[in-house]
Amino acid sequence: MNAPRSQAPQRRWCCAVLAGLAACLCMAGPALAQAQAQLAYPTRPVTLVVPYPPGGSADTVGRLVGQRLSEELGQPVLIDNRPGAGTAVGAAFVAKASPDGYTLLLGSGSTLTMNPAIRPNLPYDALGSFEPVAIVARIPLILLANKNVPIGNVKEFASAVRAAPDKYSYASFGTGTSSHFTGEIILQAVGAKIMHVPYRGSAPAMTDLIGGQVPFSVDTVTAAIPQLKGGKVKAIAVTTRQRSSQLPQVPTFAEAGYPEVDADTWIMVVALKGTPAPVRERLEKTLAKIVATPQAQAALQAQGAEPAFAGAAASLAQIERELPLMRAVARRANIQAD
């Protein structure tokens, strides 16, 4: 027996609704699975790309962070050293990975503010390719002198290099690195220009400073501590606003009347642009927990680093604030990539 005609449109409407619900459920299946996967993150090993060779201060911090992350996340965190081109090689590798939180970058000013200031054709975009997760540590820089140079403080340094700029030079651990930029910030502040001598790393620069081939160098506190303790070099001043907790006896440039000298090396964990918010938030909260522990703080300080957590928003603000400053330094000092 046929249904009354008045019921046919109603049946067709019901069928359409049911079909629509079925389609929604089908579409919701993959989305639900993806959401569940994000909430369960991580379900497999995570790779932290360190764009430096093994053994340096940034690499040491990266390995410490990786170990602690592994313990907190319950999955291995693999350290993948990819040095080269002023950290651009490692950053470019991460920029091509999937934005799923399983490939992270140990970023720094060299990668995210200094390279963009001097390298116009980078294989990544500091702001467009990545999303900051958190700053985990800061490594102060320091102006050092050969032990036989008759200069022991900022005032004497400024007077000497202004009076005889051709007589002096300073070493950095590479063109376009944080030590090079910081050296130029110092010279701009004191109103002098002396020769920059770039080395391929901190170790050879320190060797020549100790040997007297260069009278000054800008290096990390991490590299300076053992040489200062051994009496092989002299400390002039640290380049941060506050004194280093590792070298509390060494004054700052700000104390000597140069507050514009405020530079350090910050270490930041960075994810790819488009990494799901739940994944980034999980990483940010985990890193905050790690940096707050006395064990991690002691381990960082043992490497000459200052534990200094800053979340995603503050980390992004650091990059946005520093980018134009580094471009201005590069322009005034004519810093160009090798």
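Is Thr87 buried or exposed? Select Thr87 and see: with a relative accessibility of 5%, it counts as buried, where buried means under 20% relative accessible area, exposed over 50% and partly exposed in between (1.4 Å probe, protein chains only).

Some ground rules before we move on. This is a predicted model, with local features needing pLDDT of at least 70, side-chain atom pairs counting only at pLDDT 80 or more, and totals for chains, interfaces and linings using all residues. Residues are numbered from 1 along each chain as its sequence is written, and side-chain values use heavy atoms, with hydrogens and water left out.

**The whole chain**

Start zoomed out, in cartoon view. You should find 11 helices and 10 strands; helices (H or I, at least four residues) and strands (E, at least two) are DSSP runs, numbered from the N terminus. Of the chain's 338 residues, 49% count as buried. Switch on a surface and you have about 15,800 Å² exposed, 56% of it supplied by carbon and sulfur atoms; these areas come from the Shrake-Rupley method with a 1.4 Å probe, and for residues only the protein chains shown count as cover. Among contacts (heavy atoms within 4.5 Å) with a separation of 6 or more, 78% are between residues 24 or more positions apart.

**Stop 1: helix H4**

Select 109-118. All of H4 is inside: 10 of its 10 residues are buried, so the helix is largely enclosed by the rest of the structure. What do the buried residues of H4 pack against? Show helix H3 (88-95), strand E3 (103-108), strand E4 (130-146), helix H6 (178-190), strand E9 (264-272) and helix H11 (312-333).

Now pick Ser110, which lies in H4. Ser110 counts as buried, at 12% relative accessibility. Leaving aside neighbours within four places in sequence, Ser110 is in contact with Tyr52, Gly86, Thr87, Asn115, Thr177 and Ser178.

That brings us back to Thr87, in the loop between E2 and H3. Check its backbone: phi is positive, about 80 degrees, although Thr87 is not a glycine. Most residues other than glycine have a negative phi, and most peptide bonds are trans.

**Stop 2: H5 across H6**

Two packed helices are described by the angle between their axes and the distance between the axes. Show helix H5 (residues 154-163) together with H6: their axes come within 10 Å and cross at roughly 80 degrees. The axes are lines fitted to C-alpha atoms, for helices over the stretch in contact, and angles run from 0 to 180 degrees between N-to-C directions. H5 and H6 are therefore roughly perpendicular to each other (65 to 115 degrees; under 35 is roughly parallel, over 145 roughly antiparallel, the rest oblique). For the contact, display Phe157, Ala158, Val161 and Arg162 of H5 with Ile186, Leu187 and Val190 of H6. These residues divide into six nonpolar, no polar and one charged, with Ala, Val, Leu, Ile, Met, Phe, Trp, Tyr, Cys and Pro counted as nonpolar, Asp, Glu, Lys and Arg as charged, and the others, Gly among them, as polar.

**Stop 3: the cores**

Which residues touch the most other members of the largest nonpolar core? Select Phe157, Phe181 and Phe216, out of 36 residues in that core. A nonpolar core here is a set of buried Ala, Val, Leu, Ile, Met, Phe, Trp, Tyr and Cys residues joined through side-chain atoms within 4.5 Å. H6 gives the largest share of this core, six residues. Then look around Phe216: not counting residues up to four places away in sequence, the residues it touches include Leu143, Val149, Phe157, Val161 and Tyr170. A second, separate core has 31 residues, including Val46, Ile267, Leu300 and Ala305.

**Stop 4: Thr239**

Go to the loop between E8 and E9, where Thr239 sits. Thr239 counts as buried, at 0% relative accessibility. Draw a C-alpha to C-alpha distance to Leu141: 5.6 Å in space, for residues 98 apart in sequence. Outside the neighbours within four places in sequence, the contacts of Thr239 include Thr182, Ile186 and Phe253.

**Last stop: backbone oddities**

Select Tyr41 and Pro42, which are joined by a cis peptide bond with omega about -5 degrees. Pro42 is in the loop between helix H1 (8-40) and strand E1 (46-50). Finish at Asn334, in the segment after H11. Asn334 has a positive phi, near 55 degrees, in a residue other than glycine, and at 53% relative accessibility Asn334 counts as exposed.
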